[in-house]
Amino acid sequence: MIPVCRIEDLPEGESVRIEAGDATAPIAVFHTDGAFYAIDDTCSHQDASLSDGWLEGCYVECPLHAALFDLRSGEPTCLPARKPVRTHAVTVVDGMLYVHPAVQTVPGRPVHAAPEEAVA
């Protein structure tokens, strides 16, 4: 479990990049549509930070080549990206936002250390 910030420090429509340690790549955390989502920060098409992308509802557009990713599933919705990014579980405890990094991948889906649903 990785502490991110207090929920009031991540306003609606904003994102933050966190370093998850040696075990995983950086993670982008988003606050949109009244919920929090976390995905791998690096675009699966080319090395670009998704936390620097444009947020539209539950989708983030890569700032490099405009690939669009669904924050709920990590799936790309258009080219040039073809591979999904991992999603990570998010929880809120006493006003503090936490990310639970996916610990392994099984055919197309990450396995989470905590519930998968985003928390409002």
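Of the 120 residues of the chain, 46% count as buried. This figure, like the others reported here, derives from a predicted model. The accessible surface of the chain amounts to about 6200 Å², and carbon and sulfur atoms contribute 51% of that surface.

With respect to secondary structure, the chain contains 11 strands and zero helices. Its pattern, read along the sequence, is accordingly written β-β-β-β-β-β-β-β-β-β-β. Contacts were also examined by separation in sequence. Among those between residues at least 6 apart, 40% join residues at least 24 apart.

Charged side chains were then considered. Under the criterion of a Lys or Arg side-chain nitrogen within 4 Å of a carboxyl oxygen of Asp or Glu, five salt bridges are counted in the model. Three of the pairs are described below.

The pair formed by D40 and R86 has an N to O distance of 3.0 Å. D40 belongs to strand β4, which spans residues 35-40, whereas R86 is located in the loop between β7 (68-70) and β8 (87-93). The two residues are 46 apart in sequence, and the salt bridge therefore ties together separate parts of the chain. The relative accessible area of D40 is 12%; because buried denotes a value under 20%, D40 is assigned to the buried class.

A second salt bridge joins R6 and E8, whose closest N and O atoms lie 3.1 Å apart. The two partners fall into separate accessibility classes: R6, with a relative accessible area of 35%, is partly exposed, while E8, at 54%, is exposed. The assignment of E8 follows because the exposed class comprises values over 50%.

R17 and E19 form a further salt bridge, with an N to O distance of 3.3 Å. R17 has a relative accessibility of 40% and is classed as partly exposed; for E19 the value is 56%, and this residue is classed as exposed. The pair is also part of a wider arrangement, in that R17, E19 and D41 are linked in a network of salt bridges.

Taken by residue, the accessibility values thus place D40 in the buried class, R6 and R17 in the partly exposed class, and E8 and E19 in the exposed class.

Conventions. Residues numbered from 1 in each chain as written. Predicted model: local features only at pLDDT ≥ 70, side-chain atom pairs only at ≥ 80, totals over all residues. Heavy atoms only, no water. Buried < 20%, exposed > 50% of the residue type's maximum accessible area, 1.4 Å probe, protein only. Helix = DSSP H or I, 4+ residues; strand = E, 2+ residues; numbered from the N terminus. Contact = heavy atoms within 4.5 Å. Areas by Shrake-Rupley, 256 points an atom, 1.4 Å probe, with all protein chains shown as cover.
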